[in-house]
Structure formats: structure tokens, C-alpha cells
Number of protein chains: 2
Amino acid sequence: MSRRAQDGRPRAGRSTIYDVARVAGVSVGTVSRVLNGHPVGADSRKAVQRAMAGTGYVPNQHARQLAGARPETVAFLHCAPGDRLLADPNINTLLLDCLRALGDQNIMMITPVAGGGSPDVVSQTLAARLADPVLVFTAPRSSAAITSLVDRDIPVVSCGIPLGHERHVSYVSTDDRDGAQQIVTYLRSRGRRRIATVTAPMDLPGGVQRLAGYRDAVATFDPALVAHGDYTYAGAVTATEQLLRQAPDLDAIFAASDLMAAGVLAACAKAGRRVPDDIAVAGYDDAALALTTRPQLTTVRIPWHRYADQLTRHLLRRIDGDDPSGVVMPVELIIRGSA
Amino acid sequence: MSRRAQDGRPRAGRSTIYDVARVAGVSVGTVSRVLNGHPVGADSRKAVQRAMAGTGYVPNQHARQLAGARPETVAFLHCAPGDRLLADPNINTLLLDCLRALGDQNIMMITPVAGGGSPDVVSQTLAARLADPVLVFTAPRSSAAITSLVDRDIPVVSCGIPLGHERHVSYVSTDDRDGAQQIVTYLRSRGRRRIATVTAPMDLPGGVQRLAGYRDAVATFDPALVAHGDYTYAGAVTATEQLLRQAPDLDAIFAASDLMAAGVLAACAKAGRRVPDDIAVAGYDDAALALTTRPQLTTVRIPWHRYADQLTRHLLRRIDGDDPSGVVMPVELIIRGSA
DNA sequence: TTGTAGGCGTTATCAC
DNA sequence: GTGATAACGCCTACAA
């Protein structure tokens with residue numbers, strides 16, 4: 001009932017492959033072939049193309065998908081509350097790179113527009129509707145969202161290691177542990193002895209792994225030198241104040257992100273500590289703002305372009321039915337003025 | 001080829017309605033009925049539900065859609081560059097209201113994630129993939145995006161009158177012309193005689209209609225009293241400066257949006273003109289910031305909740321195959337300190 | 001190279 | 001109420 005017949009006048013659109021075949025004087029098979037770039041006689045091809053233009057033919061995606069065609073859309077799921085992450089120019093670059101690469105394959109990206117519901121609700125809904133692969137950002141440990149996708153056999157590719165789902169979802173990541181270790185080791189090589197850290201949220205991979213690298217590198221682990229951040233500037237300020245209170249003698253702070261490092265810088269300034277003289281400060285990501293702080297941030301560079309490349313590669317693989325796989329890329333120490 | 005068979009172990013998911021029917025010991029018809037809430041015997045229903053849970057059945061959207069089921073997703077297309085609009089709390093409310101209402105109907109909203117491509121490219125792509133209705137925001141005059149959707153027989157519902165497409169797309173709007181007329185008439189009633197205006201972009205409905213209302217209400221039309229804004233704060237500041245230069249004797253400024261009115265306020269302050277004593281200032285929208293400016297803005301209130309209600313109503317109608325239709329809602333003058 | 005026919009997973013229309 | 005069975009629009013062997 002829901003599809004009301006159109007009144008009299010001949011409407012455009014809504015023509016099928018059969019219509020095209022008829023006006024082109026060929027079989028549907030041939031039409032399908034030109035549609036998919038399969039070998040077809042030059043004349044038939046031209047006839048079909050003319051017919052398609054004439055009838056205003058637009059392929060029905062649902063039918064294609066049903067018939068087993070390659071998915072043409074990947075869903076993007078951003079688990080972080082708000083769109084904090086998307087404000088980061090680096091992540092933006094990452095996303096744009098992916099978009100471009102996928103576009104070349106004629107694949108588009110969509111995202112659920114989140115309403116009042118929790119991200120999990122959204123993803124459940126998502127899972128129920130699209131059988132396409134899902135690209136996930138900022139997936140927290142054992143995310144219910146991912147579980148529901150995996151349970152439904154929907155291929156998931158995660159940006160960063162999906163804690164608790166390593167076996168079932170593809171991922172591309174960087175060697176956070178090594179990066180943190182490198183930077184803390186560097187701080188030690190510069191004579192710093194009381195090195196503190198402002199962590200990322202501990203339910204995110206950046207939280208656990210960068211802290212692990214920190215522990216690897218420090219001589220002895222002092223809980224008073226650890227404060228938990230939440231990837232925000234304000235959170236880092238608070239964390240730093242706490243650190244300064246707990247361990248007034250600290251001589252270095254490693255923040256698990258550049259944005260947080262900026263917060264650390266601000267807090268140090270407010271506390272009257274000079275950077276890097278009194279306190280060395282290091283960040284992570286080599287985000288754009290690493291260059292705009294005073295002093296500029298010593299940090300760990302993530303290879304964003306390669307990252308995007310790997311992401312699309314994995315996405316495409318999952319589309320082609322491959323099993324989940326992960327890759328961890330090496331990372332590079334960038335030394336600037338802050339440490 | 002693209003669907004590689006899964007290895008040995010029994011996988012969950014991907015079970016069909018046939019599987020469910022088999023384990024439930026009923027026909028697919030019955031399964032479909034419980035799926036869609038059609039009348040079914042209590043015992044069969046229970047058996048089916050048990051079977052669905054057991055097999056981890058998830059309906060295939062593509063198949064449903066192909067078979068003519070009601071679409072379960074509407075696409076959201078925001079034509080404005082950047083996400084300027086979404087920063088507006090009112091618009092956000094609008095969107096959330098829609099989301100909630102659609103959610104009640106079990107309909108989700110998705111949006112293409114825009115890459116480097118122009119909005120038109122995005123919408124073309126969109127048009128080629130989804131046959132679902134599209135909700136459009138900020139559609140400029142004769143938008144190519146809308147044309148391509150309409151040409152493909154994809155139902156479009158516009159937020160605001162879609163200039164150049166009035167006959168082919170549904171829309172809900174408010175009586176901008178009347179609102180502008182009301183507010184300018186009010187300004188005149190307060191003794192203002194040289195009333196200027198900062199318009200919205202002239203390719204958007206708010207641009208042409210609010211200016212039309214202004215012209216309706218002023219005694220004589222003086223081009224020197226008109227400056228074009230672009231819905232931004234900064235643009236309004238510039239426009240106001242221009243106005244002040246062109247017509248130093250003006251005694252009132254009607255801005256086509258509250259955000260722009262805030263810019264007008266700032267420019268007036270900078271120019272040393274007192275509001276409302278020297279210059280009366282009026283806005284439009286009754287946005288949240290209308291209450292935070294000094295003085296608070298006299299403005300035109302748009303009934304956001306009713307707006308959202310109408311929007312979903314029209315969306316639902318189009319889903320049910322109804323022809324395009326539009327509605328224009330009345331608007332209310334809100335008098336505060338600025339004029 | 002091209003046509004034919006079967007199948008993809010649901011919904012809806014029939015009879016029963 | 002329930003079970004067959006045609007669509008729905010496309011893809012892809014298979015045959016010619």
C-alpha cells in the first residue's frame with residue numbers, strides 16, 4: 001500500500017534494467033555487464049549507455065546488494081562523546097585521506113546522526129540495517145557497540161587497537177608503547193629523573209599502552225607521578241595541578257597527547273614553573289598545535305598518511321571477505337623546544 | 001568471488017527467514033508476520049521469537065527494501081559549508097526533535113560524511129545509492145543537489161522553502177516575510193524612521209523573504225539602508241560598518257538572524273552608537289543568544305518544536321508515497337531591550 | 001560477445 | 001491464522 005501509483009504523466013526515474021535492455025535492444029545480462037564494466041561489444045555498450053541516459057536509469061542499490069554486489073558504502077562510527085576528535089586537524093586529515101581513497105573505489109562513507117540515544121543504541125541500529133563494513137574511531141575497551149556489530153557478522157575496522165576485540169576486528173594502530181618508551185627514555189637521557197605522566201583515558205588504547213611504555217622506561221614506578229587525563233585540555237590542566245601537588249619535585253611531564261601537553265604547559269606556567277628549564281614537557285601525536293605552543297612540543301609523530309592508507313586497505317579487504325587482521329606501525333620521536 | 005566462504009566453525013549471524021521458519025516449524029510467511037507485527041497465533045509467535053533468538057537472526061535490509069518494505073532510514077543533507085548551522089542550539093533542538101520522533105517510528109537518520117567533494121557531488125552519490133527520503137537543510141536557490149535528487153524521484157523534504165523547487169519537494173517553513181514585516185512595523189511604531197537591514201544570503205529563503213518583508217513595511221525603500229550579510233557574526237559586523245558609512249543617520253537595524261544581530265550590536269558599540277537609544281536593533285530566530293546579548297534582542301520567534309513536528313510529519317508522508325506538500329507556519333514577535 | 005535462468009531474503013497476495 | 005508462491009531488481013554462472 002505504501003507505494004502509491006503515480007498519476008497519469010510519464011515520470012522519469014524508477015526505470016529498471018529491463019527497461020534499459022528493451023530500449024537498447026539487448027538482454028539484461030548485457031546491461032548488467034556494461035553497468036559493471038565487464039567486457040561488452042562496442043556497439044551494444046553504446047546502445048546501452050544511450051538507453052540508460054534516455055530512461056534516466058538509476059541502479060537500485062538494494063537489489064544490487066541483495067544479489068551480492070560489492071558494498072558501496074562504509075559506515076563511520078565515532079565512539080567518543082561529542083565530536084571532540086573531529087576537531088583535531090590530524091584526525092581530519094586521516095578521515096579525508098580515507099574518504100578520497102574510498103571515493104576512488106566508488107565507495108562512500110556515511111555516519112549515523114546521533115540523537116539522544118547512546119552510541120551503543122546507534123550502532124545496534126546501524127548493525128541491523130546495513131551489512132556494510134564499519135569504520136570505528138575511539139572504541140573503548142570491550143565496547144558494546146563493537147560487540148553487537150561483530151555478533152552480527154558485520155566487518156569492523158578500528159582506528160587504534162580495539163581493546164577486548166583484537167581477534168574479531170581489523171585494526172590499524174601505531175606502536176604506542178614503543179613511542180611512549182622512546183620519549184620517556186629521551187627525557188631520561190636529558191637528565192630528567194622525576195618524570196610524571198598525564199595519561200589518556202584508561203579504557204582507550206592510548207591510555208593503557210602509552211602508560212605501559214612510560215612504565216617500561218622509568219627507572220622506578222611512583223604512583224604519585226601518574227595522573228589520569230581525558231584527552232582534553234582542561235582535564236590536563238587539572239591533572240597537572242594534581243601532579244604538582246603530589247610530587248612538587250617532578251622535573252618532567254609526559255602527556256599522552258599534544259592537546260593535553262598544551263594543558264600541561266598552561267598549568268606549569270600558572271604554577272610559575274618554567275618549561276623546559278624547571279619542567280620538561282612532552283606530548284604525543286605531533287598534532288598541528290605542537291607547533292603553535294610556546295615552546296613547541298617535543299612529541300611522537302604518528303604517520304597519518306600511512307595510517308589512512310592502511311585503514312582503507314583493511315576496509316577494502318574486509319569488503320572482499322578477508323578475515324580480520326591488524327597492523328601496528330612504527331612511530332618517530334620529534335624533538336622540539338619543550339623537552 | 002567477493003564473498004569468501006567462512007572456514008569450518010559454525011558462525012552466528014547471516015541466518016535467513018527460512019532458517020527461522022524451519023526451526024520454528026512454521027512458514028516464512030508467518031515469520032514475516034511476527035517480524036512486522038501482523039496478527040499471528042500466540043503459539044506460533046512464541047515459537048518464532050524463540051527461533052529468532054536462537055539463530056541470531058537479523059533481517060536483511062536490502063531484501064526488505066527490495067520487497068517494498070517501508071524505508072527505515074532518512075538521509076540528512078546539510079548544504080551550508082562547514083557545520084556552521086549545527087552550532088546553533090535551536091537547529092540542534094530541531095534535529096533532536098526529529099531524531100526522536102523518527103526513532104519512535106523506528107527510523108534512523110544518516111548523513112554522508114563529506115570529503116573534499118562539493119555538497120553536490122555528495123548528494124549525487126547519495127542519490128545513486130539510497131532510495132530513502134532526504135531531509136535537506138540550508139538549500140540554496142535551485143540547488144543542483146536537490147535537482148539531482150528530484151530527478152531521481154527521491155523524495156526530498158526541505159527545512160525552509162527550497163527556492164526554485166517549490167513544486168517538487170516538500171517543505172516546512174515559517175512566514176519569514178510576515179515576520180520581517182511585523183518587526184519592521186514595530187520599529188516604525190516606536191518612532192524609527194531610517195530603518196536599515198542586514199540581510200541573509202540572497203540565495204537562501206531567509207535572505208529574499210525577510211528582505212521582502214522589510215520592503216513591505218518600510219515607507220520608502222532606500223538601497224543605502226540595505227547591506228548583505230552571510231549569517232555570520234563577522235559578516236554582520238562588516239555589513240553594519242558599511243551601513244553606518246552609507247547612512248550615518250540610520251536609527252534602527254533589522255538583522256535577518258540573531259547571530260548577525262549580535263554582530264550588529266558589536267559594530268554599533270564600536271562605533272559609539274548606543275542601543276537602543278541611538279539605534280534600535282532587531283534580530284530574527286529567537287535563538288538562545290538573543291537572551292545573552294546586552295541588551296537582549298527584540299526578535300521574531302520561530303516555533304522550533306512545531307517545526308520539527310511538521311518536518312517529521314512530512315518526511316513520514318513522503319515515505320508513504322504522498323506527493324510533495326509544504327506548510328508555512330506563523331511566527332511571533334518577541335520584544336526585549338534592543339528595540 | 002551475448003542471452004537465459006536461477007537465486008539473493010523479504011513482503012504481500014492468494015487460497016485454504 | 002497459516003502456508004504456498006509470485007514479485008522486487010539485479011548479478012552471475014552456464015549455454016549458445
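This report walks through a predicted model, starting at DNA strand D and moving on to one helix and some aromatic pairs.

## Around DNA strand D

A good place to begin is the protein surface beside DNA strand D. Of the 24 residues around this strand, those that come nearest are A:Ile17, A:Tyr57, B:Thr30, B:Gly41 and B:Ser44. The residues of this surface include twelve nonpolar, nine polar and three charged ones. On the DNA side, sugar or phosphate accounts for 64% of the strand D atoms within 4 Å of the protein, and bases supply the rest.

Some individual contacts are worth finding in the view. The side chain of B:Thr30 has an N or O atom 2.5 Å from a phosphate oxygen of DNA strand D. For B:Ser44, a polar side-chain atom is 2.5 Å from a phosphate oxygen of the strand. A:Ala63 meets a base instead: a polar atom of its backbone is 3.4 Å from a base nitrogen of DNA strand D. Elements giving two or more residues to this surface are helix H1 (17-24), helix H2 (28-35) and helix H4 (61-66) of chain A, together with helix H2 (28-35) of chain B.

## Helix H2 of chain B

Let us stay with H2(B), where B:Thr30, B:Val31 and B:Val34 are buried. Why do these buried residues line one face of the helix? Looking down the axis of H2(B), they fall within an arc of 100°, so they share one face. As background, an α-helix has 3.6 residues a turn, so residues three or four places apart point the same way.

What do the buried residues of H2(B) pack against? Their partners are helix H1 (17-24) and helix H3 (42-55) of chain B. Just after H2(B), the chain reaches B:Gly37, which takes a positive phi of about 70°.

## Aromatic pairs

Over all chains, the structure holds eight aromatic pairs. One of them is formed by B:Phe76 and B:Phe137, an edge-to-face pair with 4.9 Å centre to centre and 75° between the planes. B:Phe76 lies in strand S1 (residues 73-78) of chain B and B:Phe137 in strand S3 (residues 134-137) of chain B, so this pair ties together parts that are 61 residues apart in sequence. Both B:Phe76 and B:Phe137 are buried.

B:Tyr214 and B:Phe221 form another edge-to-face pair, at 6.4 Å centre to centre with 80° between the planes. Is each ring's residue buried or partly exposed? B:Tyr214 has 1% relative accessibility and therefore counts as buried, while B:Phe221, at 33% relative accessibility, counts as partly exposed.

Conventions: Residues numbered from 1 in each chain as written. Chains lettered and ligands numbered in written order. Heavy atoms only, no water. Near = heavy atom within 4 Å. Polar contact = N/O pair within 3.5 Å; in protein donor to acceptor, adjacent residues only side chain to side chain. Helix = DSSP H or I, 4+ residues; strand = E, 2+ residues; numbered from the N terminus. Nonpolar A, V, L, I, M, F, W, Y, C, P; charged D, E, K, R; others polar. Buried < 20%, exposed > 50% of the residue type's maximum accessible area, 1.4 Å probe, protein only. Arc of directions from axis to C-beta. Contact = heavy atoms within 4.5 Å. Phe/Tyr/Trp six-rings, centres within 6.5 Å; stacked < 30°, edge-to-face > 60°.
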